[in-house]
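Student: I have just opened this entry and would like to go through it with you. Please start with what is bound in it.

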Amino acid sequence: MRPFDYQRAERLEHAAQLTAEANTLALAGGTNLVDLMKLQVETPQTLVDIGRLPLGTIADEGEGLRIGALATNTATAVHPRVRSEYPVLARAILSGATQQLRNKATTGGNLCQRTRCYYFTNIDQPCNKREPGSGCGAIKGIARIHAVLGASDNCIATYPGDMAVALAALGATVEIASERRSRSVPVRDFHRLPGDTPEKDNVLEPGELITAVTLPAPVGGIQLYRKVRERSSYAFALCSVAAVIDLAEGRFTRADLAFGSLAHKPWHDPRITDLLVGSEPTLALFDKAADLLLEGARGYGENDFKIPLARRTLAAVLCEATGVEP
Amino acid sequence: MSVHLKQDQPDNRNVLDTMVQGVIGAALPRPEGLMKVTGTASYAAEYDAEGLLEGVLVTVPIVCGEITMIDEASVLGMPGVVAVLSDERMTGRPAQGMAGEAPFQPAREVRYWGQPVALVVATTFEQARDAAKHLKLQWRVEDAPLDPKTAETEENESTRVGDLAHAMADAAHTVDVVITTEGHASAAMEPHAALAQWDGKALTVHASLQMLKFNRAELADSLNLDESQVRLLSPYVGGGFGSKLGVSQEVVAASLAAIQLGRPVRVVMSRQQVFQTIMRRSETHQRIRLAADAEGKLTGFGHEAQVSNLPGEDFAEPVLQSSQFLYAGDNRLLKLDLARIHRMTAGSVRAPGEAVGVQTVEQAMDMLAEKIGIDPVELRLRNIPEKHPAKDKPFSSRKLAECLRKGAKAFGWEPRPRTPRHTREGEWWIGTGMASAARVHSVVEAKARVILRPDATAVVETDMTDIGTGSYAILGQVAGEMLGLRPDDIDVRLGDTDLPPGSGSGGSFGAASCGSAVFLACDGLRKELAKRLDIASEDLTLKDGVARWDGGEKALNEILGSEVIDCVGHFEPGASTEDVTVSSYGAFFAEVAVNRWTGETRVRRMTGAFGIGRVLNARTARSQCLGGMTWCIGNALTESLHFDPVDGHLANCDLAEYHVPVHRDVPDLEVLLIEERDAAASPIQAKGVGELGLCGGAGAIANAIYDACGARVLSYPMTPDKVMAAMPKV
Ligand SMILES: Cc1cc2nc3c(=O)[nH]c(=O)nc-3n(C[C@H](O)[C@H](O)[C@H](O)COP(=O)(O)OP(=O)(O)OC[C@H]3O[C@@H](n4cnc5c(N)ncnc54)[C@H](O)[C@@H]3O)c2cc1C
Ligand code: SF4
């Protein structure tokens, strides 16, 4: 860990002003950032502690729900409206990390958590995300946890989180503020693909902070979060699926799906929704949905298995939601 | 007073059973348990000292080569930095268990990725850590083999009896299968740490170590000191599992710094350093061949394995250890090859050998049972040999058949041939599997002093360690039983080289070896009391501080007055274990659920039945078995060291990415301790328990996976991707 300055922001504008400076990072729960600082993956000169900003509330917003950037993962997961009206979100959060971590982890920090790529977290290895231009160690290395969708030759990392996958399925929006302006971005567009600039995980600009995530009016339906992992807790997903599904008269009336740990962002493909809605659920249809999902999928040896795994996990979720017998 | 025994004869007297205090074997809590769970038991890094400095090891990101320059000036000006050490005596590797001499020096010769080469010492830990990352080094890189599949190998061990190829050709049923396992880490909770102090003549080191007698010799040799100048203290050790058998780099580095700077120095490894520089269990590539007649009697048994280690290291994961004698078969071929590759030192990780060598045989046995069409338990029962199949030696007490039968009963095992995919619950295939357990027994030299006071209290002293296993509890119980005292009135002092040298904790021999030393010391004290009473010691009964004999009784203080007496027990293994094959045995039964879509496997319940000789404490023995069975789950399903194919570094070097089982992965585990007295094993008839619980159990899980879903996975760990790929198409 490099020595650093610590400042506590008292107001949002102040925090935004401070984090606009070079080599400055916001500190929320610290469960990701502090680990990375110990490994010298993150080497901020200044840490701006935003923990005291009044961004922790979870409140109704119209028919929807506004979850403050500093609401803890635990608070969100146990919120009565989240549990009853957005269960996919509660399930996704509870499938992540551990109780202790969720007690500290925040909405904003969770969205901004960095990849678990082994080469990213080891400063003695090449990594374009950590050190642009140094190369990608994973592409010829241990790529077991890496992306099969939307990767580039510069970076095959995944966004590893769970919560954002559910938010993407729910069509949530990220509220962003800087000193001068505020804007909102759909969660589905918040994270980006690596392309030539893998150092940028998401669309936040320097000085921009997440202030909240807003959920649209609840839609009900069957909500599932399915996370495939090596051990039953305290492990990141090999592949995950968030699903918000409704059926009427034997046909899909809603099929909002998002996929985790397959790409540099929670993966959402509107074509899958278009394919499913209006159709009768059958195994053949689920296979077609998987074809769409995995069109252009590419494995890097060690992670080839993610391609069939994604297909099977999608089928599992759709069977569970629709009652189709495999 | 002292009593010495070199055990050349089995001891059938079962002396402990003739005592009347009634504490041996009792499920007593650990005397130090409360301190541990309330944080008042201090571990190596938790001590403090006046003027304490902090050291951080500097590691290099090359796999092989030489450090040509260490630019001390690059960090000496940094805040708080006191010194940079790169002394010739710095060690690059941990010492192997019971080495008793310095490990690989000098550290500047780099042989694996992440080897420590220097130590930066500063006033605070944070300053030292920062400076360690800034230290400028230059090196020369050499090419080095990284892949065990293509590296050169040397033959390490082989047994050839009869003609296996012929037996295979003639057999009614055969199995010929290759199974692989990946590298494992000990992943002990407490990271390696040392706090060294030098007073100008003598060195005192608080460290996290398992075998102090050997560690003192290793450290003295590393530093060119006399052993008498070194004192090691490890009263509490937060898990070792083999990783603390020998001194490792931080102990030597902290000591050197303390000597050079004349100030106390603490060095604690980061979690990543522990993973990258401490002993690994080698990956293995194993071929098993079984030949059986129509009734399922083995006529041929083949087990060939390849393991790896660094050049210059003698240790080769002894994969074949129990294969030598577990099952019959007149025609035998056992062969172990060692590949020389540049990964961190391979050494003892809990149950070296059997932890990966039994489960593969047990998978092959499952395949054989299927071919013959008999119950897998029955196949094992038919193949328990009468004598060591290669050496014609009889066995000492052996509870394998009883463990198989009693374990099957407790588990509710259905005695039928297996046909997979018989039960499904929703998305989950349910299946059961079993395996035998075996682990060679050994005892080593150990000394212990027991001090008996007239107020009916006693002190037990030995440098033996308690690495979470229960040494404090059991040694107090042995003494309590022998001397007729309540264990609460016995103060057990461990983990200090100023005390008589015990066995240390390793190879499951600590309890039997040190327990025997305490037993002998108490025997000496009993004789002394009997002498003073003018009776034969056999006629003496001791209970609750009172001596009784035919016709009389006296409290200890009446016998001793105000005198304190003591005796050193000195146990040495002798011929008693040479003429017979001594081993502990058991059986595992597991039920798993395998997800039909994803191949995710969850163990639903598991039963283990174990014959471990005399049980010294039913609670701590059970805990050892529970721990072993938990390791089986990790071994079967999740644990694997991932080495980068390009530069050989270890990629998953923390507890988030090296997947040991979490609570949710560990279901109800049932442990049956089968009563046994093994006269050849030790004077207290006890054998090892610490490792047996993981010798084979992963095979039971593998067999259950097959029974559940029809996936015969031949590569550990059986992660979802492998199970999914091996599942038959529906
Ligand atoms: C061992 C382990 C296992 C885990 N397992 C899982 C898992 O299974 N699934 C899962 O989803 N997650 C998992 N996590 C990750 C965990 O969810 C994240 O660490 C946590 O959500 C981060 O939140 P935080 O508040 O602690 O963020 P911090 O560590 O404080 O910050 C993380 C990043 O976000 C930035 N940031 C924080 N708040 C804001 C804001 N308001 N605006 C802009 N930037 C901001 C910080 O500058 C920093 O770059 C795991 C973590 C660990 C350590
Ligand atoms: S995959 Fe991305 S994060 Fe990982 S090493 Fe390559 S560039 Fe770095």
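Student: How far is the nitrogen atom of ligand 1 from the polar backbone atom of Ile210(A)?

Tutor: The distance between the nitrogen atom of ligand 1 and that backbone atom of Ile210(A) is 2.9 Å. Please note that this is a predicted model, in which local features need pLDDT of at least 70 and side-chain atom pairs count only at pLDDT 80 or more, while totals for chains, interfaces and linings use all residues. Residues are numbered from 1 along each chain as its sequence is written, chains are lettered from A and ligands numbered from 1 in the order in which they are written, and side-chain values use heavy atoms, with hydrogens and water left out.

Student: And which residues are closest to ligand 1?

Tutor: Ala26(A), Gly30(A), Thr31(A), Thr106(A) and Asp162(A) are the closest of the 31 residues that surround ligand 1; a residue counts here if one of its heavy atoms lies within 4 Å. A backbone N or O atom of Ala26(A) is 2.5 Å from an oxygen atom of the ligand. For Thr31(A), an N or O atom in the side chain lies 2.7 Å from an oxygen atom of ligand 1.

Student: Where does ligand 1 lie?

Tutor: Ligand 1 is located between chains A and B.

Student: What comes nearest to ligand 2?

Tutor: Four cysteines and an isoleucine do: Cys117(A), Cys127(A), Cys136(A), Cys155(A) and Ile156(A), out of 15 residues around ligand 2. That shell has ten nonpolar residues, four polar and one charged. In this scheme Ala, Val, Leu, Ile, Met, Phe, Trp, Tyr, Cys and Pro are nonpolar, Asp, Glu, Lys and Arg are charged, and the others, Gly among them, are polar.

Student: Back to the two chains. How many residues of each are in contact?

Tutor: Contact means heavy atoms within 4.5 Å, and by that rule 40 residues of chain A meet 39 residues of chain B. About 3,500 Å² is buried between the chains, with carbon and sulfur atoms giving 54%; buried area is the accessible area (1.4 Å probe) that two parts lose on being put together, summed over both. On the chain A side, Glu230(A), Arg231(A) and Arg312(A) supply 20% of the area buried against chain B, more than any other three residues.

Student: How many salt bridges are there between chain A and chain B?

Tutor: Three are counted between the chains, where a salt bridge is a side-chain nitrogen of Lys or Arg within 4 Å of a carboxyl oxygen of Asp or Glu. One of them joins Arg144(A) to Asp721(B), with the closest N and O atoms 3.0 Å apart. The chains also share 14 residue pairs in polar contact, both residues at pLDDT 80 or more. A polar contact is a pair of N or O atoms within 3.5 Å; within protein, one must be able to donate a hydrogen and the other to accept it, and residues adjacent in sequence count only if both atoms are side-chain atoms.

Student: Which strand and helix of chain A each supply at least two residues to that side?

Tutor: Strand S9 (222-228) and helix H12 (306-322) of chain A do so; helices (H or I, at least four residues) and strands (E, at least two) are DSSP runs, numbered from the N terminus. H12(A) gives the most, with eight residues. The class make-up of the side of chain A that touches chain B is 19 nonpolar, eight polar and 13 charged residues.

Student: New topic. Which domains does chain B have?

Tutor: By an automatic or database domain assignment, chain B has domain 1 (2-30 + 443-576), domain 2 (44-62 + 64-143 + 187-277) and domain 3 (350-441 + 582-726). The C-alpha centres of domains 2 and 3 of chain B are 37 Å apart.

Student: What is the area buried between domains 2 and 3 of chain B?

Tutor: About 890 Å², with 74% from carbon and sulfur atoms. In domain 2 of chain B, Trp113(B), Phe241(B) and Phe275(B) lose the most area to domain 3, together 61% of what that side buries. The rule finds zero salt bridges across this interface.

Student: Which residue of chain B has a positive phi although it is not a glycine?

Tutor: Arg421(B), with a phi of about 60 degrees, sits in the loop between helix H10 (400-411) and strand S19 (423-425) of chain B. Most residues other than glycine have a negative phi, and most peptide bonds are trans. The bond from Tyr716(B) to Pro717(B), however, is cis, with omega near -10 degrees.
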